[in-house]
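Me: Take me through this one, and let's make every label earn its keep. I'll ask what each term rests on, and you set the value against the cut-off.

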Amino acid sequence: MKKTRKLRPGENVFVYLMMAFSLFILILAYRIAGFSSISSPGAFPMAAGAVMVISAGLTLLGNRKLEKPDAQNFRDEMKIAVKAIFPKEFVIYTGIVIGYMIVLQPLHFLPSSFVFMAVSMVVLRGTGWVKSLLISAGTLVCIYVIFQYFFRVIMP
Amino acid sequence: MTESVFSYFFMGWFDPSLMALTAAGTLAGIYIGAIPGLSVTMAVSILISFTFSWEVNNALALMVGVYCGGVYGGSRTAILLNIPGAPAAIATSFDGFPLAQLGEAGRAIGVSTVISVVGGFIGVAVLALAAPWVADMALKFAPRDYLLLAVMGLLLVGSLSGESMAKGIFAGAFGVIVGLVGMDPLTAEGRFTFGTIALLGGVHFVIAMIGLFGVAEALVQIHQIDLKPVKQDVSKILPSWSVILKYLPLAIRTSFIGVLIGALPGTGGDIASLLAYDHARRSVKKPSRPFGKGAYEGLIAPESANNAAIGGAYIPMLTLGIPGDAVTAVIIGALFIHGLKPGPMLMIDTPHLFWFTVGNLALANIFLLIFGLTGIRIFAKMVELPKGILIPIIIVLSVVGTYTIQNNIVDVYWMLGFGIFGYFLKLYGFQVGPVILGVILGPLMDVSYRRALMSCRNDIGLTVQELFTNPISLILTLAVIWMLISQTPVWKNRKNRLSSK
């Protein structure tokens with residue numbers, strides 16, 4: 001027997017977004033070569049785009065059979081969804097990761113990664129300041145030796 | 001003749017320097033393979049310049065070692081961190097990572113080591129005994145057969161979809177689109193590039209792999225940041241004989257899949273291990289645990305297949321001068337540089353090379369067993385690090401690994417984009433496995449589909465007819481049809497009713 005599960009808050013909104021994205025892909029795929037030939041460069045992308053649209057549609061249909069999430073109205077659901085998808089730790093940490101990627105090139109790899117690792121270990125409550133500085137330094141030395149000395153890979 | 005075969009075969013075994021080089025290569029390969037972003041292809045390419053002035057046998061011994069070790073090494077990080085160290089280890093992560101979450105990482109690595117060696121030896125045996133025959137068959141594969149193989153691989157979506165088949169298919173089709181971004185290999189036309197040059201080169205699938213598996217997993221883990229990591233049981237790493245014997249029949253079957261896929265030009269360990277995983281899901285009636293939740297069968301199938309694919313990849317390379325995968329393509333380059341002429345005449349001009357390579361591969365597999373079973377305790381303990389320490393390390397490794405592929409910072413942004421998108425997919429019950437499946441198989445499907453049609457002058461009727469008249473195509477077509485039927489609810493219900501009787 002299939003167990004019916006509850007819809008996750010915001011799940012349908014996400015699938016609708018995916019549906020819109022699929023339609024956008026399908027249009028892009030059509031614009032590659034139209035219906036010129038069954039072996040045109042656009043034929044396979046169009047097929048894949050169509051599969052995306054259809055499967056997103058089927059997901060929406062399937063979701064109709066599931067129980068609604070525990071929310072009074074749409075606004076309430078969105079509120080719950082935002083809380084579930086973006087917990088405080090996640091927002092802070094993703095912010096740190098994005099910041100790291102931005103400063104990666106201007107600050108160079110070693111200093112930016114050192115600061116990133118040390119800060120995020122403390123933020124994520126992995127360990128205290130002293131230990132996080134030591135672990136970051138150790139990890140970076142390992143990475144640097146392996147990539148730069150043995151493989152002569154260029155670092156960002 | 002037999003005497004010389006033996007002397008060539010054991011050349012690397014009795015020469016201390018050759019033996020040391022094979023050993024060093026294998027050891028280095030394991031760690032290269034384990035680090036995402038450092039690929040075997042890259043390592044072997046670097047070794048070419050490094051060994052330029054060496055004697056050819058020494059250079060080849062080192063490369064064989066790195067190749068064997070690297071293909072195996074990818075499983076380490078796949079099991080421990082859910083980041084496949086190499087594309088050939090993608091399927092390993094499906095059941096390997098759940099095993100680590102159950103606290104059985106040590107045992108999982110132990111089993112995968114032994115089984116990899118079993119697969120490796122089967123690959124070597126086929127290479128030694130049936131190389132000309134397999135090479136002949138591999139060359140008979142037409143574009144439509146590659147298409148059928150890719151379809152077979154894509155059918156794996158059915159078993160990787162998780163809670164909803166439609167969601168799995170969506171993820172797979174999305175992966176196909178990602179794989180198609182860039183210049184069309186047949187017409188050099190840009191697809192999904194928005195007119196920019198930056199996208200013309202396409203999205204390297206390792207970038208998608210690192211983002212979807214590594215970063216997305218790290219972001220999901222933040223939700224349970226204070227959860228204590230699972231204690232790893234490292235008391236019993238070496239699998240007992242009875243365990244190995246129990247899984248041996250499956251390992252032998254999947255190894256043969258590995259050899260054949262490896263021998264096909266253009267397909268390597270990544271596709272071999274995915275098809276092997278699919279085979280295990282279909283053929284094993286009572287797995288040790290449900291697939292995807294830590295079944296040892298799901299670990300054994302890809303691990304035996306990807307190492308068996310090494311022997312397979314050498315088959316067309318040594319007999320015909322056609323590379324079986326990317327690494328053997330690079331090795332062909334190395335042979336050229338050292339003044340040899342890879343091609344159909346290679347075995348006649350330099351007969352020792354064939355048996356020397358076979359012997360070396362066998363030797364590398366022995367070293368793989370020795371080195372693979374050491375250091376597992378330390379590796380397994382790595383997972384016990386608090387998540388707050390592990391996650392930043394994963395992110396930095398992902399960044400370095402992505403950047404090294406093409407030395408392009410844009411790739412790092414792509415990787416992060418995949419990571420965040422993967423996070424959303426995971427939260428809403430879409431699996432990331434099918435995405436990566438699509439990225440790998442999509443381009444192969446696209447090109448072989450169009451080649452197959454073009455070879456029949458775009459005549460669909462003729463193409464379909466060829467699917468049933470050519471012997472190889474017929475076997476593959478029937479296999480695909482059977483796979484499709486066995487996934488339908490009608491068939492599954494019937495089977496359940498029969499088994500309950």
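Me: Which residues count as being in contact with Ala208(B), once its neighbours within four places in sequence are left aside?
Reply: Val178(B), Val203(B), Phe418(B), Ile436(B) and Val439(B). Contact here is a C-beta criterion: the two C-beta atoms, placed from the backbone, lie within 7 Å. Before you lean on any of this, it's a predicted model: local features need pLDDT of at least 70 and side-chain atom pairs pLDDT 80 or more, while totals for chains, interfaces and linings use all residues. Residues are numbered from 1 along each chain as its sequence is written, with chains lettered from A and ligands numbered from 1 in the order in which they are written.

Me: What makes a set of residues a nonpolar core?
Reply: Its members are buried Ala, Val, Leu, Ile, Met, Phe, Trp, Tyr and Cys residues, joined through C-beta atoms within 7 Å. Buried means 20 or more other C-beta atoms within 10 Å of the residue's own; 12 or fewer is exposed, and anything in between is partly exposed, again with C-beta atoms placed from the backbone. The largest such core here has 208 residues, and Ala208(B) is among the members that touch the most others, along with Val44(B), Met63(B), Val66(B), Tyr67(B), Phe170(B) and Ile436(B). Helix α7 (residues 105-139) of chain B gives the most to this core, with 17 residues.

Me: How do you know what counts as a helix or a strand in chain B?
Reply: They're DSSP runs numbered from the N terminus: H or I over at least four residues for a helix, E over at least two for a strand. On that basis chain B has 24 helices and 2 strands.

Me: Is chain B compact or spread out, and what is that judged against?
Reply: Its radius of gyration is 22 Å, close to the 23 Å that the globule rule gives for 501 residues, so chain B is as compact as a globular protein of that length. The radius is taken over C-alpha atoms, and the rule is 2.2 Å times the number of residues to the power 0.38. The C-alpha trace spans about 60 × 60 × 60 Å along its principal axes, and 59% of the residues are buried.

Me: And how does chain A do on that test?
Reply: Chain A comes out at 23 Å, well over the 15 Å given by the globule rule for 156 residues, so it is more spread out than a compact globule. Chain A has 6 helices and 0 strands, and 31% of its residues are buried.

Me: What makes Leu26(A) buried or exposed?
Reply: Leu26(A) has 20 C-beta neighbours inside 10 Å, so it counts as buried. This residue sits in helix α1 (residues 11-33) of chain A. Not counting residues up to four places away in sequence, Leu26(A) touches Met46(A), Gly49(A), Ala50(A) and Val53(A).

Me: Which label does Ile27(A) get?
Reply: Ile27(A) is exposed, because it has 11 other C-beta atoms within 10 Å. Ile27(A) lies in α1 of chain A too.

Me: How many residues make the contact between the chains, and what are they like?
Reply: Chain B supplies 52 residues and chain A supplies 49. Helix α19(B) gives the most to the side of chain B that touches chain A, with 11 residues. That side divides into 36 nonpolar, 8 polar and 8 charged residues. Nonpolar covers Ala, Val, Leu, Ile, Met, Phe, Trp, Tyr, Cys and Pro; Asp, Glu, Lys and Arg are charged, and the others, Gly among them, are polar.

Me: What is odd about phi at Phe192(B)?
Reply: Phi is near 55°, a positive value in a residue other than glycine. Most residues other than glycine have a negative phi. Phe192(B) is in the loop between β2 (190-191) and α11 (205-221) of chain B, and with 18 C-beta neighbours inside 10 Å it counts as partly exposed. Asn458(B), not a glycine, also has a positive phi, about 60°. Asn458(B) is in the loop between α21 and α22 (460-469) of chain B, and its 14 C-beta neighbours inside 10 Å make it partly exposed.
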